[in-house]
Amino acid sequence: MKLNCYKPVALLGLLSLPLFMSAQTTATVAKEAAPVVSKETTHEILEKISKGLDASYPFPDISKKYIAALKSQETKKAYENLTAEQLAKKITKDLRDVHKDVHLTIFFSKDYFEQLTRSFSNTSTPQDEQKELERKRRNNYGFDAVELDKKTSTAYIKISGGFHGDQEAFEMAANAMNMAAYSKNIIIDIRDNGGGTGMMGRFLAGYFFNPGDERYYLHGYHKDRTKDIQEWTYPFVPGKRMADSKLYILVNKRTASATEGFAFAMQKMHRATVIGDTTAGAGIAGSMIPLKENLVVFLPVKMVAAPDSDQGWEGIGVLPDVAVKGDEARTEAERIIKKEQEEVAAKTK
């Protein structure tokens with residue numbers, strides 16, 4: 001199994017994916033029990049996961065331990081007589097017992113499995129694409145609100161629905177940033193945002209530096225170091241830049257993946273004050289791969305870290321500059337802004 005056979009279906013975005021579990025029960029109507037996965041099919045599933053880990057997981061020492069654990073458990077017959085959902089949960093638990101990578105997950109979803117299978121076989125229909133487009137539009141590509149406080153010259157931008165990389169997503173982001181363009185203080189709220197594509201973070205970051213001042217944003221480490229990626233802020237963003245505005249980024253325990261990357265990068269570049277809880281600690285990117293029996297694996301393939309460093313947020317989270325409970329992050333940011341303005345006003349009297 002080669003890495004280049006995978007399509008980047010979801011990059012740094014597992015935690016924003018709803019996992020459809022069908023553990024519905026009823027006390028009055030007896031339901032037919034789900035069939036168990038055959039020994040042969042289970043072996044194929046384990047082999048596909050193992051080959052993917054061996055080919056692509058960014059830490060070879062850990063991937064070897066993962067593969068050894070799967071083989072050991074299979075030998076012990078730990079995966080026999082399980083339904084697909086039970087098998088997914090068991091494999092995920094066994095892998096995380098070896099090393100807690102919160103991205104490496106196997107889950108059951110008939111709809112998502114079929115969608116991925118069609119995508120991988122290039123048989124997606126126009127209806128599939130239209131359905132996904134409508135879903136993203138209903139969600140405003142993750143952008144919930146822009147609020148302007150003229151009294152304190154503060155713009156509050158709420159983005160809770162994931163980071164998308166579509167043309168319309170960038171247009172939505174540009175519209176939000178242009179509404180905030182003349183505010184002296186910008187609050188970007190990514191609490192409860194489970195991730196998505198890192199491209200959106202780089203796009204937003206570009207608004208906070210002058211033209212020509214592109215910044216080395218993050219570095220992506222692959223198992224094959226020749227495939228490493230330098231991620232930079234974009235040289236062009238539509239609209240006015242806010243290089244002199246103060247930026248506050250609000251986070252909580254459910255801020256994860258690409259949104260963590262945005263907070264982490266802006267913090268490391270000393271361009272933002274991060275306020276809230278320590279974040280989820282999901283710093284490895286990857287792709288969704290269909291297996292069998294409606295099972296899907298999110299296979300991590302890239303460790304994301306600070307430029308010229310192996311320091312990332314995987315397993316640690318982004319540590320806020322101002323640590324408060326996530327629910328209090330906006331209030332704290334507004335308090336800091338008001339206090340600073342009061343201090344400036346007192347000095348000018």
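Let's start with overall size: for 349 residues, a compact globule would have a radius of gyration near 20 Å, and this chain comes in at 22 Å, which agrees. Keep in mind that what you are looking at is a predicted model.

**The whole chain**

Stretch the C-alpha trace along its principal axes and you get about 80 × 50 × 40 Å. Inside that space sit nine helices and eleven strands. Of the 349 residues, 50% count as buried. Now take the contacts between residues at least 6 apart in sequence: 77% of them join residues at least 24 apart. The accessible surface adds up to about 17,600 Å², and 52% of it belongs to carbon and sulfur atoms. As for charge, there are 49 positive and 46 negative ones, and their mean positions are 2 Å apart.

**A sheet of six strands**

Next, find the open sheet. Six strands build it, in the order β2-β3-β4-β7-β8-β11, and the pairing is mixed. Which strands sit at the edges? They are β2 (143–149) and β11 (322–323), each of which pairs on one side only.

You can see both kinds of pairing around β3. With β2 it runs antiparallel, and six bridges join the two. With β4 (residues 185–189), strand β3 (residues 154–159) pairs in the parallel sense over five bridges. If you want particular residues to look for, Ala155 stands opposite Ile186 in β4, while the bridge partner of Asp149 is Thr154 in β3. The strands β2 and β3 make a hairpin with four residues between them, and in this hairpin Ser153 has a positive phi near 50°.

While you have the strands on screen, here is a handy rule: in a regular strand the side chains alternate between the two faces of the sheet.

**Another hairpin: β9 and β10**

Move along to β9 (284–290) and β10 (295–305). These two run antiparallel and are joined by seven bridges. One pair to pick out is Ile289, which stands opposite Val297 in β10. How much of β9 is buried? Seven of its seven residues are, so the strand is mostly covered.

β9 and β10 form a hairpin with four residues between them, and Glu293 is in the turn. Glu293 has a positive phi of about 55° even though it is not a glycine. Is Glu293 buried, exposed or partly exposed? Its relative accessibility is 39%, so it counts as partly exposed.

Lys77 is another residue with a positive phi, about 60°, that is not a glycine. You'll find Lys77 in the loop between α2 (60–75) and α3 (84–98). At 54% relative accessibility, Lys77 counts as exposed, because the cut-off for that word is over 50%.

**Two buried loop residues**

Loops can hold buried residues too, and here are two from this chain. Leu104 lies in the loop between α3 and β1 (105–108). It is buried, with a relative accessible area of 1%, because buried means under 20%. Its C-alpha atom is separated by 5.6 Å from that of Phe298, although the two residues are 194 apart along the chain. Leaving out residues up to four places away in sequence, Leu104 touches Leu53, Tyr66, Thr92, Leu95, Arg96, Val297, Phe298 and Pro300. Val297 came up earlier: it is the residue in β10 that stands opposite Ile289.

The other one is Gly281, in the loop between β8 (273–276) and β9. Gly281 has a relative accessible area of 2%, so it is buried as well. From the C-alpha of Gly281 to that of Arg254, 27 residues away along the chain, the separation is 9.4 Å. Neighbours within four places aside, the contacts of Gly281 include Val102, Glu260 and the run of Trp313, Glu314, Gly315, Ile316 and Gly317.

Here are the four loop residues side by side:

| Residue | Relative accessible area | Class |
|---|---|---|
| Leu104 | 1% | buried |
| Gly281 | 2% | buried |
| Glu293 | 39% | partly exposed |
| Lys77 | 54% | exposed |

How values were computed:
Residues are numbered from 1 along each chain as its sequence is written. This is a predicted model: local features need pLDDT of at least 70, side-chain atom pairs count only at pLDDT 80 or more; totals for chains, interfaces and linings use all residues. Side-chain values use heavy atoms; hydrogens and water are left out. The radius of gyration is taken over C-alpha atoms; the globule rule is 2.2 Å times the number of residues to the power 0.38. Buried means under 20% relative accessible area, exposed over 50%, partly exposed in between (1.4 Å probe, protein chains only). Contact means heavy atoms within 4.5 Å. Accessible areas come from the Shrake-Rupley method with a 1.4 Å probe; for residues, only the protein chains shown count as cover. Lys and Arg count as positive and Asp and Glu as negative; His and the chain ends are not counted. The place of a charge is taken as NZ of Lys, CZ of Arg, CG of Asp or CD of Glu. Two strands pair if DSSP finds at least two bridges between them.
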